[in-house]
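Good morning. Please look at the structure on the screen while I talk.

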Amino acid sequence: MSFTVAIVGRPNVGKSTLFNRLVGKKLALVDDTPGVTRDRRPGEARLIDLKFQIIDTAGLEEAAPETLQGRMRAQTEAAIEEADLSLFVVDAKMGLTPVDTALADMLRRKGKPVVLVANKSEARGSDGGFYDAFTLGLGEPTPISAEHGQGMLDLRDAIVAAIGEERAFPEEDEAVTDVDLRAEAAAEGLEKDDDYEPEYDETKPLRVAIVGRPNAGKSTLINRFLGEDRLLTGPEAGITRDSISVEWEWRGRTIKMFDTAGMRRKARVQEKLEKLSVADGLRAIRFAETVVIVFDATIPFEKQDLQIVDLVLREGRAAVLAFNKWDLIEDPQAVLADLREKTDRLLPQARGIRAVPISGQTGRGLDKLMQSIIDTDRVWNRRISTARLNRWLDAQQVQHPPPAVSGRRLKLKYMTQVKARPPGFMISCTRPEALPESYVRYLTNGLRNDFDLPGVPIRIHFKASENPYANKAKKKR
């Protein structure tokens, strides 16, 4: 991206609606409630022929630094410092307020280019607010309707005029070749080989979602990883609303990490805004590859904690447990032994799941947590050759033969891995519908132990083997 734009303004002027319009997706939460956005959210924007990085910000208000509103203001000011250009959004329908005037003064002091945007200009009676915007001394306002997409061409022209033609339209780099696509196709061909087992790609960017109950310390943990106060934190529960993504590197590997809103029990989620936040968190889980479930080590294994882990596993994601606030634990050895026993007992569906004690405040255990994330992702991506699987299947049946049902013994004939991420297997057998659940668990646990697949979901599908004489019998008739 050639340049970065921050969208700023007081609460409820339509900043997140404009952000969603420019990125072409409903990434930011939008509601009639003022102050929905709290953290700064980046995105890749496209406006006609313009491409740029855009940052949605919280509504700016006068507040003491130690309050939640004060910390939100600090996040917005950081976005303005990071950006090359600010889109200052005012509400043409409601007109100017003293907060708008104060923000205009602040933006002038920054000395960076500003485009004044008069949103909601499609509303009846908005002309007065539009002409009032001239008094801010930031040039001619650009009338738009973020909700209806009106005025986007004028906004594009205003941005180009403010940032300059050279910054707006840099020379494009040469097109990237389709080497990756050809390599992927070659890999698909190799996977047909019974003995082929691809190596884990240590350089591929990794998507990680951080989830958990409210106030478990998710945002604090990500800030510690980044080494800066990138996400809004504080003692208040439920500060995070949007799922915010940040990128950084760990030992040379790109990590895209998603902070999510705290997930409470479904019965307690009543407000529309909280429902939107939880839905946004669920989308982050589905988009991620590895999910870190953050537990509060002082009150671990609440019912909601277990439900979140179960949700992550049902979605087929790789899961890692992080017991946060370890700096508050007085007897670490005894508590750790107790947590390990409870993990094995309460999460039998994720046997061997990696669990790491950490402290987002002090940074303790973060390297170990990242290594556990990488190790779990390696298991989640693992492929096992068909030849090894069939030798294993024969041995399993010798050791523990499938049961006889209605006087006829079931036979497992052939096995192959049909997918990874998570590992999924297909077994060809006689009468799959009669195979008892206990034998499926026996096979699942055997796969987990013998092929070193701890802590990831394992899916086994059973398929009835075709009768080679069925077609001949039909022809005789």
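I will go from the whole chain to one sheet, and then to two residues.

First, a caution: this is a predicted model. The protein chain has 477 residues, and 48% of them count as buried. Along the chain there are 15 helices and 17 strands. The accessible surface comes to about 24100 Å², with 48% of that belonging to carbon and sulfur atoms.

How far apart in sequence are the residues that touch? If we take contacts between residues at least 6 apart, 71% of them join residues at least 24 apart.

Now the sheet. Which strands does it hold, and in what order? It is an open sheet of 6 strands, and reading across it gives β8-β9-β7-β10-β11-β12, with mixed pairing. At the edges you find β8, residues 244-250, and β12, residues 354-357. Each of these two has a single partner strand, so one side of each has no neighbour in the sheet. On average, neighbouring strands here are turned by 25 degrees against each other, ignoring direction.

Stay with the β8 edge for a moment. Its link to β9, residues 253-259, consists of 7 bridges, and the two strands run antiparallel. To find your place in that pair, look for Ser245, which stands opposite Phe258 in β9.

A helix also packs on this sheet: α8, residues 218-226. Helix α8 touches β7 (206-212), β8, β9 and β10 (290-296). The direction of α8 makes about 155 degrees with that of β9.

Next, two residues. The first topic is Asn119, in strand β5, which covers residues 114-119. Is Asn119 buried or exposed? Its relative accessible area is 4%, and the limit for buried is under 20%, so Asn119 is buried. What does its side chain reach? It reaches the backbone nitrogen of Ala146, at 3.0 Å. Leaving out residues up to four places away in sequence, Asn119 touches several others, among them Val13, Gly14, Asp91, Lys93, Ile144 and Ala146.

The other residue is Thr386, which sits in helix α13, residues 386-399. Thr386 has 9% relative accessibility, which is also under 20%, and therefore counts as buried. Which side chain does Thr386 meet in a polar contact? The partner is the side chain of Thr416, and the contact is 3.0 Å.

To recap: the sheet has β8 and β12 at its edges, α8 packs on it, and Asn119 and Thr386 are both buried. That is all from me.

How values were computed: Residues are numbered from 1 along each chain as its sequence is written. This is a predicted model: local features need pLDDT of at least 70, side-chain atom pairs count only at pLDDT 80 or more; totals for chains, interfaces and linings use all residues. Side-chain values use heavy atoms; hydrogens and water are left out. Helices (H or I, at least four residues) and strands (E, at least two) are DSSP runs, numbered from the N terminus. Buried means under 20% relative accessible area, exposed over 50%, partly exposed in between (1.4 Å probe, protein chains only). Contact means heavy atoms within 4.5 Å. Accessible areas come from the Shrake-Rupley method with a 1.4 Å probe; for residues, only the protein chains shown count as cover. Two strands pair if DSSP finds at least two bridges between them. Axes are lines fitted to C-alpha atoms, for helices over the stretch in contact, and angles run from 0 to 180 degrees between N-to-C directions. A polar contact is a pair of N or O atoms within 3.5 Å; within protein, one must be able to donate a hydrogen and the other to accept it, and residues adjacent in sequence count only if both atoms are side-chain atoms.
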